[in-house]
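Trainee: I am new to this structure and would like a close look at its salt bridges. Please go through them one by one.

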Amino acid sequence: MEEQIGQRALAISKTISLMPEVIELVEQKDPESRLMRIINPLQASIDARFIVIGDKNSIRFTHPTKELVGESMMGEDNRKALEEGLYYTSKATGTLGPSIRGKSPIFGKNGDIIGVVSVGYLEENIQEIISERYHQFLIYLYGAMFLTVIMAFILSRKIKNSLLGYEPREISRLFLEKDAILNAVKEAIIATNTQGEITLCNEVAQSYFHLDENTKHPPLTLQKYLFTCNEMKDVPLEVDGVDYVCNFSPVTHESKTVGMVASCRKKEEMDALVWELTRVKQYSERLREKKHEFSNLLHLISGHIQIGEYDKAIALISENHLPDEKIIEQFQSVIHDPLVASIFIGKYYFAFDKGVKIILDENSFLQENIDPSISKHLLTILGNIINNAIDAAEISEKKEVTLFVTDIGNDLIFEIEDSGLGIDETLQEKIFEKGFTTKGELHSGYGLFFVKSTLEWLGGFVSFGKGKYGTIASIHIPKGSHND
């Protein structure tokens, strides 16, 4: 607005400066004040605050205030017009206050600069114009905002109804949770619409059934169950030669079935879980038997004491019915990390129950506590390796397992040597495969798979070699913290 008014003032001043009558009166010094009679009606018609004409010394010929005629023009912004003959706009403060001015030089008949024309609009008048238009704009703006709010409210109600009453933020959170849950579960999950087309599947389903983004339909074996739109539980199926146990559930909305969801689990994985539970049950039964056996032993010792046969009671106590307590003290004195000591002591008792002797290598020494981010994984690693060593030693003649541990250097090193028959060289690589086992049906084959994957995450490794008697397993784990 200021620029527009400035250009307007400049155009008016330029027009006045080129008027022959004005040029002639300025040259004559306007002896009869005729310029005032010319300019005053012109000023009123163009709505300018002032039109001032001055000579080459900036002495006024015209001014809205008659008393100021004959005095010097204020603002000190006439130099470019009077000295350089330029047409321009400027901001300055004169007798009427701050104003935007258009300045034009007046050239005489011989081409010399003989005066200047200044046309001005006060800044307060400009602000009034801007304010008036600003209020008009605000009225339109508030009206548009009000209509927008009403339309947004109506639209949001319609969208919310179509989104089952959820807000967009809740939809976003539910979508993220759904994606995380789908990829966290170990079952293959496939959702389809009523036409049998896949609308959703997790990473496990993509791996099991070889699905990708371009796959529109699930395997044919699943389709015939999905098209029934009925709920079914624990359905045994075979897909591409692999046995699965599947559940089918319909997706309903307003009492109408809009799709189906299938969740499938490999039968071999469920069998492995059953075998693990069977092992736990068997071990529980063995503990119960040992409890009764030990209880009977205490009753016998109590009987000998009651009848005064102290020698026989002492003899029974001295027999090798319990592990050597000095061995436990040895573990605690050499291994200063409580978790590793507890694992070794627990396995010592477990091996003793099986008739296997666990020996702690005399060169073992664990001086510092292991970082918690590593130690929480040691039960999986050491537990499986030592259990395998005990199983191997149990069927050997020597029946011994030797444990070695050290934290000297940058790695934690564990070595477990058994007196078994060793590992067949043809099975060196297969023993780490998921589900592979040489121990029969009651074993899952997951132990060494978990050991290897856990060590890889920790940056370590495990290797098997020929020991003095049987197999020696070497475990190396870099020191330092690891974030899950």
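Mentor: What follows covers the salt bridges and how exposed their residues are.

This is a predicted model, in which local features need pLDDT of at least 70 and side-chain atom pairs count only at pLDDT 80 or more, while totals for chains, interfaces and linings use all residues. Residues are numbered from 1 along each chain as its sequence is written, and side-chain values use heavy atoms, with hydrogens and water left out.

The structure holds ten salt bridges (a side-chain nitrogen of Lys or Arg within 4 Å of a carboxyl oxygen of Asp or Glu). One of them joins the side chains of Glu-21 and Arg-34, at 3.4 Å from N to O. Glu-21 belongs to helix α2 (residues 20-27) and Arg-34 to helix α3 (residues 34-46), so this pair ties together parts 13 residues apart in sequence. Helices here are DSSP runs of H or I with at least four residues, numbered from the N terminus. Glu-21 is partly exposed, at 36% relative accessible area, and Arg-34 is partly exposed too, at 34%. Partly exposed lies between buried, under 20% relative accessible area, and exposed, over 50% (1.4 Å probe, protein chains only).

Another salt bridge links Arg-79 and Glu-83, whose closest N and O atoms are 3.9 Å apart. Both residues sit in helix α4 (residues 79-84), four residues apart, so about one helical turn separates them. Arg-79 is partly exposed at 44% relative accessibility, whereas Glu-83 is exposed at 58%.

Lys-398 pairs with Glu-400 at 3.7 Å between the closest N and O atoms, and Lys-398 is partly exposed at 36%. Finally, a network of salt bridges links Asp-77, Arg-101 and Lys-103.

Key: Helices (H or I, at least four residues) and strands (E, at least two) are DSSP runs, numbered from the N terminus.
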